[in-house]
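Open your viewer and switch to a cartoon view. We will go from stop to stop, selecting a few things at each one.

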Amino acid sequence: MTTPSLLVFGAHPDDIEFGCGGIIARETKAGRAVHFVICSRGEAGTHGTPKQRVAEAKKAAAILGATIEFIELDGDAHLEIRSAHALKIAAIIRRLRPGIVLAPTLEHNQHPDHWRLGQLVRDATRLARYGGLRELKKFPSHKITHLFFYAVTPDAEPAGAQPVLIDISPLEIVKTWTAAMEAHASQMKTSNYLEFQLARAKVAGMRALCSSAISQ
Ligand SMILES: [Zn+2]
């Protein structure tokens with residue numbers, strides 16, 4: 001596999017697309033390799049079977065031009081913070097050797113899997129650097145350049161923190177992002193998440209004085 005510039009972690013099959021899909025579209029359009037690691041199959045969701053959700057996530061990743069893998073931790077809605085999980089994630093970071101890592105924010109007011117995964121990834125980026133960990137001996141230690149957090153929903157945006165806004169206003173990027181969200185057809189049944197995320201990006205963009213943006 002190509003060394004990704006950007007390694008992105010999602011607790012559920014649709015988190016990355018809805019939380020920061022526009023940024024992914026922008027990165028891959030710019031020729032940078034992006035890899036997704038999804039830490040459940042969405043089996044606790046109200047709509048869609050795990051099989052459907054995995055298929056939707058694969059389709060969405062292909063639309064965005066990203067590669068994707070699924071890992072097993074504790075399962076959807078059961079994620080716990082354990083050193084074994086952080087080590088497992090650190091091993092992925094060492095194997096793929098990304099520059100930038102993206103994870104869900106650490107805000108507690110959101111799906112508990114999201115912030116717990118954010119903490120596990122934060123810990124893992126540190127463990128990936130430590131030379132003496134016997135569980136990680138298979139690959140040499142690796143220091144990433146940046147860790148950024150994305151908010152799947154506005155509730156997950158840290159209060160008082162200045163967001164990093166990325167301009168995703170080119171129509172081509174918005175179209176690709178929209179198509180990636182639409183690929184999660186099973187998640188469109190209750191409320192219009194897609195319109196919600198587009199509107200959220202618009203507001204962030206108006207604040208930043210460009211036509212569309214998303215925070216990460
Ligand atoms: Zn989620």
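**Stop 1: a buried aspartate**

Select Asp-14 and show what surrounds it. Beyond its neighbours within four places in sequence, Asp-14 is in contact with Arg-53, His-184 and Gln-187. Keep in mind that this is a predicted model. Asp-14 sits in the loop between β1 and α1. Is Asp-14 buried or exposed? Its relative accessible area is 11%, so Asp-14 is buried.

**Stop 2: the zinc ion**

Now select the zinc ion. Which protein atoms are its donors? They are His-12 (ND1), Asp-15 (OD), Asp-15 (OD) and His-114 (NE2), at 2.0 to 2.7 Å from the ion. Asp-15 is listed twice, each time with an OD atom.

Look at the angles next. The 4 donor atoms subtend angles of 52 to 118 degrees around the zinc ion, which makes the arrangement irregular. A tetrahedral site would need all angles between 85 and 135 degrees.

Then trace the donors along the chain. Their spacing is H-x2-D-x98-H. The two histidines link distant parts of the chain, 102 residues apart. His-12 is in the loop between β1 (6-10) and α1 (15-29), while His-114 is in helix α4 (residues 112-127). His-12 has 6% relative accessibility, so it counts as buried. His-114 also counts as buried, because its relative accessibility is 6%.

**Stop 3: the sheet**

Color the strands. In what order do the 5 strands lie? The order is β3-β2-β1-β4-β5, in an open sheet with parallel pairing. Find the edges: β3 (67-70) and β5 (146-150) each pair on one side only. Neighbouring strands are turned by 20 degrees against each other on average, ignoring direction.

Zoom in on β4 (residues 100-104). It runs parallel to β5, and 5 bridges join the two. Pick Ala-103 and look across to β5: its bridge partner there is Phe-149.

Now add the helices that touch these strands. α1 packs on the sheet and touches β1, β2 (34-38), β4 and β5. The direction of α1 makes about 170 degrees with that of β1. Helix α4 lies across β1, β4 and β5. It runs at about 155 degrees to β4.

**Stop 4: two helices side by side**

Select helix α2 (residues 50-64) and helix α5 (residues 171-182). Their axes are 8 Å apart, and the helices pack at an angle of about 170 degrees. α2 and α5 are therefore roughly antiparallel to each other. Show the side chains. On the α2 side, Ala-60, Ile-63 and Leu-64 make the contact. On the α5 side, it is Thr-176, Trp-177, Ala-179 and Ala-180.

Stay in helix α5 and pick Ile-173. This residue is buried, because its relative accessible area is 8%. Beyond its neighbours within four places in sequence, Ile-173 is in contact with Gly-22, Ala-25, Arg-26 and Ile-168. Try a distance too: Ile-173 and Ile-23 are 150 residues apart in sequence, yet 8.5 Å apart in space, C-alpha to C-alpha.

**Stop 5: two unusual backbone angles**

Most residues other than glycine have a negative phi. Select Ala-77, in the loop between β3 and α3 (83-96). Its phi is positive, about 70 degrees, although it is not a glycine. Ala-77 counts as partly exposed, because its relative accessibility is 41%.

Finish at Arg-97, in the loop between α3 and β4. What is its phi? It is positive, about 55 degrees, and Arg-97 is not a glycine. With a relative accessible area of 29%, Arg-97 is partly exposed.

Key: Residues are numbered from 1 along each chain as its sequence is written. This is a predicted model: local features need pLDDT of at least 70, side-chain atom pairs count only at pLDDT 80 or more; totals for chains, interfaces and linings use all residues. Side-chain values use heavy atoms; hydrogens and water are left out. Donors are N, O and S atoms within 2.8 Å of the metal (3.2 Å for Na, K and Ca); water is not among the atoms, so sites may look incomplete. Four donors count as tetrahedral if all angles lie between 85 and 135 degrees; four count as square planar and six as octahedral if opposite donors are over 155 degrees apart and all others between 65 and 115; anything else is irregular. Helices (H or I, at least four residues) and strands (E, at least two) are DSSP runs, numbered from the N terminus. Buried means under 20% relative accessible area, exposed over 50%, partly exposed in between (1.4 Å probe, protein chains only). Two strands pair if DSSP finds at least two bridges between them. Axes are lines fitted to C-alpha atoms, for helices over the stretch in contact, and angles run from 0 to 180 degrees between N-to-C directions. Contact means heavy atoms within 4.5 Å. Angles under 35 degrees count as roughly parallel, over 145 as roughly antiparallel, 65 to 115 as roughly perpendicular and the rest as oblique.
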